[in-house]
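Dear colleague,

I am passing on the structure that we talked about, and below it you will find notes on what came out of the analysis. Please read them with the structure open beside you.

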Amino acid sequence: MKIKYFYQQLLSHVGVIVIAILILSLLFSHFIENLIYQDKIDELTAYGKNVLADLEQNYDSESILQEYGHVLAGRDIQYSLFDPSSAIIYSTGRGARIKLEAEEWEKIRDGYTVVVKQDYKRFNEGVTFVLLPYLRQGQFVGGILLASPIKGSRDIISQINQDLFYTALVAVAVALLLSWILSAFHVRRIKRLQEATSLIAKRDYSVRIPSSDFDEIGELSKDFNQMVGTLERSMEEIERLENRRRQFMADVSHELRTPLTTIRGVIDGIRNQMIPETEKERAMLMASQETKRLIRLVNENLDYEKIRSNQIKLHKENLLLSEVMEVIRDQLEIQAEEKDNQIILEVDNDVQVYADYDRLTQILINITKNSIQFTEKGIITLRGRMAEGKTVIEIEDNGIGMDPREIKKIWHRFYKAMVSRTNNPYGEFGLGLSIVKQLVQLHDGQIDVESEQGEGTIFTLIFPFEK
């Protein structure tokens, strides 16, 4: 059987309150009843002791008994005086017909007071009575019984119980209203969580719900919002990775298809003797260049995976930065001349860098090639200096630059700053700068980029130096 949470909350709240009110009402009613009866018993006992005290001073005084009879009659109290054999020697009201039980008489003979809160048999009505022993000079000479109808006490108790009942009804009504409001409030908050969860199940990660530190539901809402935020970022990252994966596959298909087609064409041409003898050397050179290009593409991906899995071992040593930069210039000079670019070195002969030679060369070639590809009829400047115990390397170009909003994205794997370009500026598959950053971090260094569209780009690399 399904019971809504709202009704569970309502029943639990009201149930607890009703049970608490019932228990308190019963305890209070019992307390009041005992208090009233005890007050009546104390009153009867006090009058009885006063009568006995006066009789002890003058036992035969009929006037004393009559005087007390008038006084007690005004209080609706009857009394009877017994001799040692339990025979009534004086009585007011209906006390003359009362018969004491042997057990009760034995108790007062032993000096005990007998108290009965409610008796309905011997007085033809409900009464409270007290039976006290009558002692004279330490000798038992009889007893005195004082009785008062319980009707007055019952009326008071009934009135109190009635007032208590109405109070309990009002309390239950108020509790029901408050429980209804509180339950509706909590259920509405839980309903919001449920609706938000349903939206998330439908892949809507923009949903948020109000949160607070008021209670656990508020904290749950805050955790829920944090979870949704994490899911949203994760889904965005997954979507970005999926887009990059698709772009990567497209790039791979394009980049690999071109050299493979060229190599296959050369092989088929030579095999079918479709290439003249004078062109064979040029065709073989083209096939060799395309083969090297394929190897470079594969190695670039392998390098990235090795770096990610910490499989790269660095052999760092103190290197003369000027010698390394001269190697970079020599390797890329022809490529720079093809775009009418000039590579300039600004580095002192004594500047050193503590790095792995092969990986440092890889870093500088990647960045310099990037500058060459984005610069036409310009200047690429390679600078090096020492500053505060560190080696600072700058690679600056006056090319087309890039949008500052794209700077953070260029380190992502497969990212292309300008998708519309035929030539990928960041390595064959957009892996070049991602590899560069990983390699710099392996050297405990850092790399920063400053760029503006139409103003060129500056890459700044900082390597810690060890003597």
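Arginine 271 counts as exposed, because its relative accessibility is 60%, where exposed means over 50% relative accessible area, buried under 20%, and partly exposed in between (1.4 Å probe, protein chains only). The side chain of arginine 271 meets that of aspartate 268 in a salt bridge with an N to O distance of 3.3 Å, a salt bridge being a side-chain nitrogen of Lys or Arg within 4 Å of a carboxyl oxygen of Asp or Glu. Aspartate 268, at 25% relative accessibility, counts as partly exposed. The two residues are separated by about one helical turn, because they are three residues apart in helix 5 (residues 216–271).

Before going further, please keep in mind that this is a predicted model, in which local features need pLDDT of at least 70 and side-chain atom pairs count only at pLDDT 80 or more, while totals for chains, interfaces and linings use all residues. Residues are numbered from 1 along each chain as its sequence is written, and side-chain values use heavy atoms, with hydrogens and water left out.

As for the overall picture, the protein chain has nine helices and twelve strands; these are DSSP runs numbered from the N terminus (helices H or I, at least four residues; strands E, at least two). Of the 467 residues in the chain, 41% are buried. The chain exposes about 28000 Å², of which carbon and sulfur atoms supply 53%, with accessible areas taken from the Shrake-Rupley method with a 1.4 Å probe and, for residues, only the protein chains shown counting as cover. Among contacts (heavy atoms within 4.5 Å) between residues at least 6 apart in sequence, 66% join residues at least 24 apart.

The search of the whole structure finds nine salt bridges, and Glu346, Arg383, Arg385, Glu394 and Glu396 are linked in a network of them. Arginine 383 forms a salt bridge with glutamate 346, their closest N and O atoms being 3.0 Å apart. Because arginine 383 lies in strand 9 and glutamate 346 in strand 7, this pair ties together parts that are 37 residues apart in sequence. Arginine 383 also forms a salt bridge with glutamate 396, where the closest N and O atoms are 2.7 Å apart. Glutamate 396 is in strand 10, so that pair ties strand 9 to parts 13 residues apart in sequence. Glutamate 394, likewise in strand 10 (residues 390–397), is buried, with a relative accessible area of 16%. Its side chain and that of arginine 385 are joined by a polar contact of 3.4 Å, which is a pair of N or O atoms within 3.5 Å, where within protein one must be able to donate a hydrogen and the other to accept it, and where residues adjacent in sequence count only if both atoms are side-chain atoms.

Turning to the interior, what touches the most other members of the largest nonpolar core? Among its 35 residues, these are Leu360, Ile363, Ile367, Ile393, Phe459, Leu461 and Phe463, a nonpolar core being a set of buried Ala, Val, Leu, Ile, Met, Phe, Trp, Tyr and Cys residues joined through side-chain atoms within 4.5 Å. A second, separate core of 18 residues includes Ile41, Val51, Leu81 and Leu132.

On the surface, Val170, Val174, Leu177, Leu178, Trp180 and Ile181 make a nonpolar patch of about 600 Å²; patches consist of residues with over 30% relative accessible area and no salt bridge, like charges being joined within 9 Å and nonpolar side chains (Val, Leu, Ile, Met, Phe, Trp, Tyr) within 5 Å. Leucine 177 of this patch is in helix 4 (residues 151–201) and, at 52% relative accessibility, counts as exposed.

Finally, two loop residues deserve a look for their backbone angles. Serine 86, in the loop between strand 1 (78–82) and strand 2 (88–91), has a phi near 70°, a positive value in a residue other than glycine. Lysine 377, in the loop between helix 8 and strand 9 (379–387), has a positive phi near 55° and is exposed, with a relative accessible area of 64%.

With best wishes
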